[in-house]
Amino acid sequence: MDWLKECDVDLSTDDNGLNEFRITNIENLEKIQRKYSILTEFYISLAAKSPDSLTSIFLTESSIPDELLGNVVTHFEDVKMVTENKNPVEIMLKNPKRDSITYIQNNNKNPIIRNLFYFETENPLDEWTPRKTYKLEASKIEKYENQEFDDLLTYLSPPTNQLFFMLPVYGWVMNDSLKDFFAIRYFTHKYKDVYLWVDANNNVTNIQLTEKQ
């Protein structure tokens with residue numbers, strides 16, 4: 001497989017310990033109309049894989065965009081906002097609403113989202129195993145464009161203290177056919193560096209995205 005190479009990855013963060021963080025509720029969500037879009041499809045599909053786990057959206061603006069409130073936040077039962085020095089930096093989502101999950105699962109999926117979250121794993125593993133990392137070689141991978149998914153890129157950003165964004169994937173097994181996945185073909189030409197995290201059983205567990213092009 002000449003389209004990837006095993007490597008080490010620097011996961012260091014930049015935290016000076018001087019910032020003030022607070023977690024608060026987001027008020028008056030019942031007044032916001034619930035909508036559906038590619039944002040809903042992505043975050044509901046992600047959260048539905050593990051409804052009791054936390055899903056985070058890291059913000060780059062000084063307020064929560066309206067499209068996030070209507071298309072994502074209103075689809076979750078448990079919602080919190082993290083502020084850093086009084087500025088919103090993260091939305092924490094938990095427990096996606098059952099009717100939202102049903103709606104997304106019963107409708108057509110974007111090809112990239114289908115790649116990321118809708119492969120069935122025949123032998124899911126409960127135990128953690130050591131990981132290896134592989135850097136993808138964009139020059140060896142055919143480019144794939146998807147304008148609908150482009151609307152999501154703003155929100156696939158890392159927290160303020162690190163340079164990478166880590167995304168879980170499901171049902172991926174390390175083999176040569178991965179280079180033809182729409183998700184692989186898309187991300188390798190949208191981000192400067194893309195890595196796969198692979199466990200001891202040859203299952204790909206995460207895709208790491210570093211710096212948008």
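Start by selecting Asp-151: at 48% relative accessibility, this residue counts as partly exposed. Before you go further, keep in mind that you're looking at a predicted model.

**Stop 1: around Asp-151**

Asp-151 sits in the loop that runs between helix 5 (147–150) and strand 7 (164–173). Now add Glu-61, Asp-66, Glu-67 and Glu-148 to your selection, and with Asp-151 you have a negative surface patch. Color those five by charge and turn the model until the patch faces you.

Stay in the same loop and pick Ser-157, which is also found between helix 5 and strand 7. Is Ser-157 buried or exposed? Its relative accessibility is 8%, so Ser-157 counts as buried. Show its side chain as sticks and you'll see what it reaches: the backbone oxygen of Thr-154, at 2.9 Å.

**Stop 2: the Lys-190 network**

Next, select Lys-143, Glu-145, Asp-150 and Lys-190, which are linked in a network of salt bridges. As background, side chains of opposite charge can pair when their charged atoms come close.

Put a distance label between Lys-190 and Glu-145: they form a salt bridge, with the closest N and O atoms 3.4 Å apart. Lys-190 is in the loop between helix 6 (182–187) and strand 8, while Glu-145 is in the loop between strand 6 and helix 5, so this pair ties together parts that are 45 residues apart in sequence. Glu-145 has 43% relative accessibility and therefore counts as partly exposed.

Now swing over to the other partner, Asp-150. The side chains of Lys-190 and Asp-150 meet in a salt bridge too, at 3.5 Å from N to O. Asp-150 belongs to helix 5 and Lys-190 to the loop between helix 6 and strand 8, so here the parts tied together are 40 residues apart in sequence. At 25% relative accessibility, Asp-150 counts as partly exposed.

**Stop 3: a bridge between two strands**

How many salt bridges are there in the model? The count comes to eight. For another one, select Lys-135 and Asp-193, whose side chains meet in a salt bridge at 3.2 Å, N to O. Lys-135 lies in strand 6 (residues 131–136) and Asp-193 in strand 8 (residues 191–199), so the pair ties together parts that are 58 residues apart in sequence.

Switch on a surface and check each partner. Lys-135 comes out as partly exposed, at 29% relative accessibility. Asp-193, at 14%, counts as buried.

**Stop 4: helix 1**

For the last stop, select residues 38–48, which make up helix 1. Ten of its eleven residues are buried, so the helix is largely enclosed by the rest of the structure. The buried set is Ile-38, Leu-39, Thr-40, Glu-41, Phe-42, Tyr-43, Ile-44, Ser-45, Leu-46 and Ala-47. Hide the surface here if it gets in your way.

Which residue caps the N-terminal end of helix 1? Pick Ser-37: one of its side-chain oxygens lies 3.1 Å from the backbone nitrogen of Leu-39.

Then move along helix 1 to Ile-44. Its relative accessibility is 2%, so Ile-44 counts as buried. Finish by adding Ile-101 and drawing a line between the two C-alpha atoms: they are separated by 6.2 Å, although Ile-44 and Ile-101 are 57 residues apart along the chain.

Notes
Residues numbered from 1 in each chain as written. Predicted model: local features only at pLDDT ≥ 70, side-chain atom pairs only at ≥ 80, totals over all residues. Heavy atoms only, no water. Buried < 20%, exposed > 50% of the residue type's maximum accessible area, 1.4 Å probe, protein only. Helix = DSSP H or I, 4+ residues; strand = E, 2+ residues; numbered from the N terminus. Polar contact = N/O pair within 3.5 Å; in protein donor to acceptor, adjacent residues only side chain to side chain. Patch = residues over 30% accessible without salt bridge, like charges linked within 9 Å, V, L, I, M, F, W, Y side chains within 5 Å. Areas by Shrake-Rupley, 256 points an atom, 1.4 Å probe, with all protein chains shown as cover. Salt bridge = Lys/Arg side-chain N within 4 Å of Asp/Glu carboxyl O. Lys, Arg positive; Asp, Glu negative; His and termini not counted. Charge placed at Lys NZ, Arg CZ, Asp CG, Glu CD.
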